[in-house]
Amino acid sequence: MDYHKMWQDLGMDVETHDTLCSVLPTAIGDVFTSQENRPKAMAFWDMVISEVHGIRPAELVEAKKQGRKVVGTFCLYVPDEIVIAANGIVTGLCGGSQFWVPSGEEVLPKNTCSLIKASVGARLSRTCPFFRLADLYVGETTCDGKKKAYEILAEDVPMYIIDVPQMKRPQDIAHYKDEIRLFARKIEEITGNKITPEKLHEAIVICNNRRKAMARVYEARKSTVAPISGRDAILMTQIAFFDDPVRCAEQCNKLADELEDRIAKGISSAKPNDKRILLTGTPVAVPNWKMHQIVETSGGIIVCEEMCTGSRYFEHLVDENAKTEDEMLEALAQRYMKNNCACFTPNGGRIDDILRYCEEYKVDGVIDCNLQFCNLYDTEKRSVSRALKEAGIPCLSIETDYTDNDAEQLRTRVGAFIEMLDSRSQR
Ligand code: BJ8
């Protein structure tokens, strides 16, 4: 399908955007379709990713014609439920491609993480339809880099900021609940729709259903059969940030059905000796498949991601028993505050999660992979590796960016790590 007219109408730099699109088929072939023995249900995500700037943006264009508003977000502390309750549409906006980094570097310090530079660059270079479609961008006070980047984005687009606390004391959760309330009023203003308790309840159920469906897929990843590769699983998770939540739940459930069947039949996506790896660290936004690709072509299989593009996205449900708006806001605040981002202090919950996942997913080793210039996660790598050492679980800490410059070096380090895991298992 040709989407050039739509991209033009969205005010995009179509010529530059064509360059970005031209590399996508090779990347998809290398990372996804060349894998053997994939679950058939992955056909849905193959289709979506092959036209990632076409299919879903076209749906959003149609929805906007019907009067619906699109809200772009950058962080898991922005509750989708509020937007959905007002008949709005949420789309993730985090940039995962090196293609956008140079445009971001024109306005940001070079020593800013690639995710922020790519996100700002995607907007300023006019080469991402999602950044053109969003009627409102919603930022949050998580890391310093993002906070300052939002000021730059605000010069170009309507921007709303949620004040996310940095601690999890009762007064912090109460403050965050107030922030969600203010956010609801803002969304009502933007959409022109009142958020009633009934609508909010419906939205909570919709998002919980998506969480449950994704959790089923991750549950299947716990099996030693390894019915799905980490590459396929991460694609599912990444697309969840863009897709319609009801369709997303349907597709994830379909995939989970197939994975459960594959487990029963012993059909694996891994080679017999592949080492089971837990990936933790900074989020991996589309099309950042770098570590997944390196690990899974070096004798490993990623069985879980402890990150926002991973377990944090679907773990913990929002209480569906709340009746009034106030009770629902409380339920939302309680659920979202269970996320363990490194912007919180202290953040021992993340360590507990990592140790728990190591057991649940029967992990051989952990790779803690963080984007260069992310001080939060870079600093936390010390407590991550110390806790894993105490638990006797090997850990490899990696710092990288969106370029391929270090790919060979990473391949060597990951290869050596997996060899070490292999010799350990033969002892
Ligand atoms: S809840 S992880 S999505 S803030 S890598 S931009 S932290 S300098 S992404 Fe995040 Fe929300 Fe936390 Fe999740 Fe800053 Fe670090 Fe860059 Fe990061």
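Modeller: Quick definition before we start: helices (H or I, at least four residues) and strands (E, at least two) are DSSP runs, numbered from the N terminus, and two strands pair if DSSP finds at least two bridges between them.

Biologist: Fine. What am I looking at?

Modeller: This is a predicted model, where local features need pLDDT of at least 70, side-chain atom pairs count only at pLDDT 80 or more, and totals for chains, interfaces and linings use all residues. Residues are numbered from 1 along each chain as its sequence is written, and side-chain values use heavy atoms, with hydrogens and water left out.

Biologist: OK, what's the strand order in the open sheet that has strand 1 in it?

Modeller: That open sheet of 4 strands goes 2-1-3-4, with parallel pairing. Strand 2 (89–92) and strand 4 (159–162) are at the edges with a single partner strand each, so one side of each has no neighbour in the sheet.

Biologist: And how many bridges join strand 3 to strand 4?

Modeller: 4 bridges, with strand 3 covering residues 136–140. Y137 sits opposite M159 in strand 4.

Biologist: Switching topic: which residues are closest to the ligand?

Modeller: C75, C113, C143, C308 and C341, out of 15 residues surrounding the ligand (near means a heavy atom within 4 Å).

Biologist: How does that shell divide?

Modeller: Into 12 nonpolar, 2 polar and 1 charged. Ala, Val, Leu, Ile, Met, Phe, Trp, Tyr, Cys and Pro count as nonpolar, Asp, Glu, Lys and Arg as charged, and the others, Gly among them, as polar.

Biologist: What about the sheet with strand 6?

Modeller: An open sheet of 4 strands, order 6-5-7-8, with parallel pairing. 6 bridges join strand 5 (residues 275–281) to strand 6, and T280 stands opposite E306 in strand 6.
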